[in-house]
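Me: I would like to learn how to read a structural model of this kind, feature by feature. Could you take me through the general idea each time and then turn to the case at hand?

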Amino acid sequence: MSFKSQKYEDFVGLKEESKEQSGGSLKDFIDGSILTSNIVLKQAPLVIMFFCMSIVYISMRNSTETAYRYKNKLEQEVKELKNESISTTASLMFISKRSEVVKRVENEGIDLVESIVPPVKINLEEEGACR
C-alpha cells in the first residue's frame, strides 16, 4: 500500500477554496449560481423562518385591522342608537304631558272629558280589608 498514490479528499484545492469564498459577483447573481453556494444554502433555514414569520405578521396585522374597523362600526352604531333613544324619550315625554293629551283627545274626537275633581287618597285603617 502506498500513500503517495492516494489523494486526500479532505484537502481542498486553492481554486475550489477561492470559488467557495468568492462573495457574489454580479455574474453569479444574474446567472443564479449564487443561490447554490454553501453560504446561501447554510442560511436557507433562517430565510424560511423569516418568511414564515412575515406571513404570520401580515395575517395578524390584517386580522387586527379588521377587528379595529368592526369595533369602530359598532361604536358608531351605539352612538346612533343612543341618540335615537334620547330623541324617542324626549318625544314620548312631550306627548305624555297633560296639555298634549288633552289636545290630542280633542283632535281625535274622542268623547273624554278632563276631570275637574282631583284624585282622593284612600286610607285603609283595617289591615284585613285590603286583602
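**Reading the model step by step**

Reply: Let us start with a pair of side chains in helix α5: K103 and E100 are three residues apart there, which means that about one helical turn separates them. The two residues form a salt bridge, in which the closest N and O atoms are 3.6 Å apart. Please keep in mind throughout that this is a predicted model.

Me: How many salt bridges does the structure hold, and which residue forms one with R61?

Reply: The structure holds five salt bridges. R61 pairs with E65, and the closest N and O atoms of that pair are 3.5 Å apart. Both R61 and E65 belong to helix α4, where they are four residues apart, about one turn of the helix. As for the network, salt bridges that share partners join R61, E65 and R69.

Me: Which residue forms a salt bridge with R98, and why does that pair tie together parts of the chain that are apart in sequence?

Reply: R98 forms a salt bridge with E114, with 2.3 Å between the closest N and O atoms. R98 lies in helix α5 whereas E114 lies in the segment after α5, so this pair ties together parts that are 16 residues apart in sequence. A backbone distance can be read beside it: the C-alpha atoms of V101 and E114, which are 13 residues apart along the chain, are separated by 10.0 Å.

Me: How should I read accessibility for these charged residues, and does E100 count as buried or exposed?

Reply: The general idea is that a residue counts as buried when its relative accessible area is under 20%, and as exposed when that area is over 50%, with partly exposed in between. E100 has a relative accessibility of 18%, and therefore counts as buried. Its salt-bridge partner K103, at 47%, counts as partly exposed. R98 has a relative accessible area of 59% and is therefore exposed, while E114, at 40%, counts as partly exposed. In helix α4, R61 at 48% relative accessibility counts as partly exposed, and E65 at 32% also counts as partly exposed.

Me: What percentage of the residues of the protein chain count as buried, and how much area does the chain expose?

Reply: Of the 131 residues of the protein chain, 2% count as buried. The chain exposes about 13400 Å², of which carbon and sulfur atoms supply 62%.

Me: Which residues make the nonpolar surface patch?

Reply: L46, M49, F50 and M53 make a nonpolar surface patch of about 390 Å². One of these residues, L46, has its place in helix α4. Because its relative accessible area is 38%, L46 is partly exposed.

Me: Which residues does V101 touch, and which are in contact with E100, when close neighbours in sequence are set aside?

Reply: If residues up to four places away in sequence are not counted, V101 touches I95 and S96. For E100, leaving aside its neighbours within four places in sequence, the contacts are F94 and I95. V101 is found in helix α5, and E100 lies in that helix too, which spans residues 98-108. V101, at 39% relative accessibility, counts as partly exposed.

Me: How many helices and strands does the protein chain have?

Reply: The chain has five helices and zero strands, and when it is read along the sequence the pattern is α-α-α-α-α.

Me: Which element has the lowest mean pLDDT, and which the highest?

Reply: Where pLDDT is low, the predicted coordinates should not be read in detail. Among the elements of this protein chain, helix α1, covering residues 14-21, has the lowest mean pLDDT, at 54, whereas helix α4, covering residues 44-95, has the highest, at 97. For the protein chain, the average pLDDT is 82, and 77% of the residues score at least 70.

Technical notes: Residues are numbered from 1 along each chain as its sequence is written. This is a predicted model: local features need pLDDT of at least 70, side-chain atom pairs count only at pLDDT 80 or more; totals for chains, interfaces and linings use all residues. Side-chain values use heavy atoms; hydrogens and water are left out. Helices (H or I, at least four residues) and strands (E, at least two) are DSSP runs, numbered from the N terminus. Buried means under 20% relative accessible area, exposed over 50%, partly exposed in between (1.4 Å probe, protein chains only). Contact means heavy atoms within 4.5 Å. pLDDT is the predictor's confidence in each residue, from 0 to 100. A salt bridge is a side-chain nitrogen of Lys or Arg within 4 Å of a carboxyl oxygen of Asp or Glu. Accessible areas come from the Shrake-Rupley method with a 1.4 Å probe; for residues, only the protein chains shown count as cover. Patches are made of residues with over 30% relative accessible area and no salt bridge: like charges are joined within 9 Å, nonpolar side chains (Val, Leu, Ile, Met, Phe, Trp, Tyr) within 5 Å.
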